[in-house]
Amino acid sequence: MNVCQRVPRSVAVTVVALVVLGLAACSSPDEGDDASGSVAPVTVNTSAGSVTLDRVPERIAAIGDQWTDAVLSFGVTPVAYGTTTEQQIGKQSPWTEGKLGDATKISLTGDRVSQIAAANPDLILLPGFGVESSEIDKLKQIAPTIPSITGQQIDPWQDQVRLLGAVLREPDKATEIVNGVQSRIDTIKRDNPGLAGKTFAFAYMFSADQIQVLGDPRDGATALFADLGLTVPQRLQDIAAQQRLPRFPISTENVPQLDSDLLVIAAGTPQLATQLKTLPGYAQLTAVRTNAVAQMDLTNITALNLPSPLSIPYVLDQLTPAVQAAARS
């Protein structure tokens with residue numbers, strides 16, 4: 001089998017008898033379909049092996065914010081879903097509100113296998129964290145199951161959209177979705193050339209003495225900032241590498257480690273948000289001194305932490321003022 005072009009980024013997609021992955025197709029759109037309207041099988045390679053789908057899925061169970069948003073971006077309502085945002089704030093995220101219809105809500109802390117099975121899905125999508133291999137094995141007995149694409153905790157949202165474009169046989173729609181979001185990011189980058197070479201720190205204060213920090217530049221949550229021309233400070237990369245953790249905790253006394261041109265941070269409660277600003281060393285941070293701090297609430301930090309084609313456009317407006325300040329500094 002000849003494939004016209006290499007699959008973009010980390011998504012490896014092989015289409016049996018028909019290439020459908022949104023670049024330049026090798027055959028006409030309906031070639032390979034029979035008179036009954038069936039489509040050629042699609043095999044997608046994931047971090048847990050290959051998955052073959054013989055037909056276009058109609059009942060998708062999307063577990064995790066990223067997959068839920070990616071499915072919705074195609075105008076498809078999942079038959080079941082489960083999101084961290086709704087679990088945390090007790091309601092649907094602002095960017096999915098009104099779009100999930102009568103989809104069954106899956107409790108992420110309950111018996112997910114039984115809940116998903118009850119929805120009778122023909123495709124199950126899983127995030128790259130919080131899922132045991134034994135759970136994946138059980139779900140595979142229910143329907144074709146796609147776990148993390150890259151093996152990272154957070155997959156690049158573009159990869160998810162392109163994979164779904166292949167699975168849903170809508171590669172052109174996938175390209176449209178990716179290009180639409182990317183154009184907004186590119187506009188901000190173009191309007192703020194001073195971002196080139198600047199650094200950013202991404203953190204969450206989850207207790208009175210602990211702050212979670214992102215240090216791995218390969219983490220899917222860094223993609224937006226990389227697109228803007230920003231990088232993770234080398235000292236944070238070094239800590240992540242030493243601890244072998246893409247996201248690691250630091251004590252509040254080590255706040256100076258967050259020094260960067262742009263600081264994106266949230267706190268678990270309003271009280272912690274107030275405490276954060278009084279921590280020794282906080283006022284001396286470069287981003288604080290230049291007003292380049294994006295103080296996020298729990299919803300917005302989740303939108304960045306679990307980036308998707310729906311969450312990124314929503315949160316860009318909240319992020320832009322701090323980005324502009326970083327570019328001017």
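**Figure 1. Helix 1, with nine of its nine residues buried.** Helix 1 spans residues 65-73, and because nine of those nine residues are buried, the helix is largely enclosed by the rest of the structure. Everything in these views comes from a predicted model. To follow helix 1 residue by residue, look for the buried Asp65, Gln66, Trp67, Thr68, Asp69, Ala70, Val71, Leu72 and Ser73. Just past the end of helix 1 comes Gly75, whose phi is positive, at about 80°.

**Figure 2. The whole chain, for orientation.** Before going on to further close-ups, it helps to get your bearings. The chain holds twelve helices and 13 strands. It has 329 residues, and 53% of them are buried. Taking the contacts in the chain with a separation of 6 or more, 66% are between residues 24 or more positions apart.

**Figure 3. The second largest cavity, with helix 1 in its lining.** Here we return to helix 1 from another side of the story. The chain has three cavities of 30 Å³ or more, and the second largest cavity holds about 70 Å³ of space. Its lining is made of 13 residues, and those nearest the centre are Gln66, Pro127, Gly128, Phe129 and Leu306. Helix 1 contributes three residues to this lining, the most of any element. Gln66, met above as a buried residue of helix 1, is one of the residues nearest the centre of this cavity. Sorted by class, the lining of the second largest cavity has five nonpolar, six polar and two charged residues.

**Figure 4. The largest pocket and the residues around it.** The largest pocket contains about 630 Å³ of space. It is lined by 26 residues, and Thr84, Gln88, Phe129, Arg247 and Asn305 are the closest to its centre. Four elements give two or more residues each to the lining: helix 2 (84-89), strand 9 (200-207), strand 10 (210-214) and helix 11 (298-305). In the lining of this pocket, 15 residues are nonpolar, nine are polar and two are charged. Phe129 may look familiar: it is among the residues nearest the centre of the second largest cavity, and it is also among those closest to the centre of the largest pocket.

**Figure 5. Thr299 in helix 11.** This view picks out one residue of a helix that helps to line the largest pocket. Thr299 lies in helix 11. Is Thr299 buried or exposed? Its relative accessible area is 12%, so Thr299 is buried. Setting aside neighbours within four places in sequence, Thr299 touches Ile89, Pro94 and Trp95.

**Figure 6. Helix 6 packed against helix 12.** Two packed helices can be described by the angle between their axes and the distance between those axes. For helix 6 (residues 171-191) and helix 12 (residues 311-328), the angle is about 5° and the axes are 11 Å apart. Helix 6 is therefore roughly parallel to helix 12. On the helix 6 side of the contact you will find Val181, Arg184, Ile185 and Ile188, which meet Ile312, Pro313, Leu316, Asp317, Thr320 and Val323 of helix 12. This contact brings together seven nonpolar residues, one polar residue and two charged residues.

**Figure 7. Ala325 in helix 12 and its partners.** Staying with helix 12, this view centres on Ala325. With a relative accessibility of 4%, Ala325 counts as buried. Which residues does Ala325 contact, leaving aside its neighbours within four places in sequence? They are Thr290, Asn291 and Ala292. Ala325 and Asp261 are 64 residues apart in sequence, and their C-alpha atoms are 8.9 Å apart in space.

**Figure 8. Two residues with positive phi that are not glycine.** Asn291, seen above in contact with Ala325, has a positive phi near 65° although it is a residue other than glycine. Asn291 sits in the loop between helix 10 (286-289) and strand 13 (293-296). Asn291 counts as exposed, at 62% relative accessibility. The second residue shown is Arg244, which is not a glycine and yet has a positive phi of about 55°. Look for Arg244 in the loop that runs between helix 8 (234-243) and strand 11 (247-251). Its relative accessibility is 75%, so Arg244 counts as exposed.

Terms used: Residues numbered from 1 in each chain as written. Predicted model: local features only at pLDDT ≥ 70, side-chain atom pairs only at ≥ 80, totals over all residues. Heavy atoms only, no water. 1 Å grid on protein atoms, 1.4 Å probe; cavity = no way out; pocket = protein on both sides within 12 Å on 5 of 7 lines; lining within 4 Å. Points joined across faces, edges and corners; volume = space filled by probe spheres on them. Nonpolar A, V, L, I, M, F, W, Y, C, P; charged D, E, K, R; others polar. Buried < 20%, exposed > 50% of the residue type's maximum accessible area, 1.4 Å probe, protein only. Contact = heavy atoms within 4.5 Å. Axes fitted to C-alpha atoms, helices over the stretch in contact; angles between N-to-C directions. Parallel < 35°, antiparallel > 145°, perpendicular 65-115°, else oblique.
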